[in-house]
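Please walk through this model with attention to its annotated positions and to the surroundings of its ligand.

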Amino acid sequence: MRCRIIKDFRFEAAQTLPNLPGHHKCTQMHGHSFKVEIAIEGEVDPHIGWVYDHAEISKAMKPLLDRMDHAYLNEIEGLENPTIENMAAWLWRKLSPQLPGLCEIVIYETPTARCVFRGEF
Ligand SMILES: Nc1nc2c(c(=O)[nH]1)N=C([C@H](O)[C@H](O)COP(=O)(O)OP(=O)(O)OP(=O)(O)O)CN2
Ligand SMILES: [Zn+2]
């Protein structure tokens with residue numbers, strides 16, 4: 001049996017988007033309450049009854065959340081231009097070596113705006 005497991009995370013962070021035209025409001029520093037969904041797909045172990053412990057996802061995310069939460073994202077190496085698209089790609093590069101079956105990362109920067117990334121570089 002194959003299943004997709006999804007774990008949600010939240011963090012608060014500040015950002016500017018430096019590559020936008022100067023008149024764009026997002027060139028000003030501002031903050032978001034980000035939500036991240038990490039999805040893993042795989043075979044369910046027939047004895048244990050799970051793909052793998054979703055605590056493994058939390059473990060892999062912890063150092064990344066520690067860096068991003070209440071941070072100015074632009075100061076993090078690789079996030080100098082922290083659009084949600086670039087943030088999703090950054091997370092993918094960090095997580096994929098540790099999380100077999102990683103299949104989708106969704107980042108919400110507001111309740112109505114999100115990016116879905118499936119590892120297609
Ligand atoms: N494709 C992307 N578009 C935008 C991004 C992004 O990362 N990828 N980011 C932003 C800014 O971060 C901005 O702060 C988003 O804030 P928001 O209030 O959602 O901006 P809007 O004016 O577009 O939202 P409304 O719901 O229309 O008020 C912008 N775009
Ligand atoms: Zn923003």
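**Annotated positions and the ligand shell**

In this predicted model, H32 lies in strand β2. H30 is found in strand β2 as well, a strand that covers residues 30-43. Both H30 and H32 carry the annotation "binding site" in the UniProt record, which is an unreviewed entry, and such an annotation may be inferred rather than shown by experiment.

How exposed or buried is H30, judged by its C-beta neighbours? H30 counts as exposed because it has 11 C-beta neighbours inside 10 Å, and the limit for that class is 12 or fewer. H32, with 18 other C-beta atoms within 10 Å, is partly exposed, since that class lies between the exposed limit and the 20 or more neighbours that make a residue buried.

The contacts of these two histidines can be read in turn, leaving aside neighbours within four places in sequence. On that basis H30 is in contact with A14 and Q15, while H32 touches A13, E109 and T110.

The surroundings of ligand 1 bring several of these names back. Around ligand 1 are the residues L17, C26, H30, T83, I84, E85, E109, T110, T112 and A113. The elements that give two or more residues to this shell are α2, spanning 84-95, and β4, spanning 102-110. Sorted by class, the shell around ligand 1 consists of four nonpolar, four polar and two charged residues. H30, annotated as "binding site" in the UniProt record, is thus one of the residues around ligand 1, and E109 and T110, which H32 touches, are also among the residues of that shell.

Note on methods: Residues are numbered from 1 along each chain as its sequence is written. Chains are lettered from A and ligands numbered from 1 in the order in which they are written. This is a predicted model: local features need pLDDT of at least 70, side-chain atom pairs count only at pLDDT 80 or more; totals for chains, interfaces and linings use all residues. Helices (H or I, at least four residues) and strands (E, at least two) are DSSP runs, numbered from the N terminus. Two residues are in contact if their C-beta atoms, placed from the backbone, lie within 7 Å. A residue is near a molecule or strand if its C-beta atom, placed from the backbone, lies within 6 Å of it. Ala, Val, Leu, Ile, Met, Phe, Trp, Tyr, Cys and Pro count as nonpolar, Asp, Glu, Lys and Arg as charged, and the others, Gly among them, as polar.
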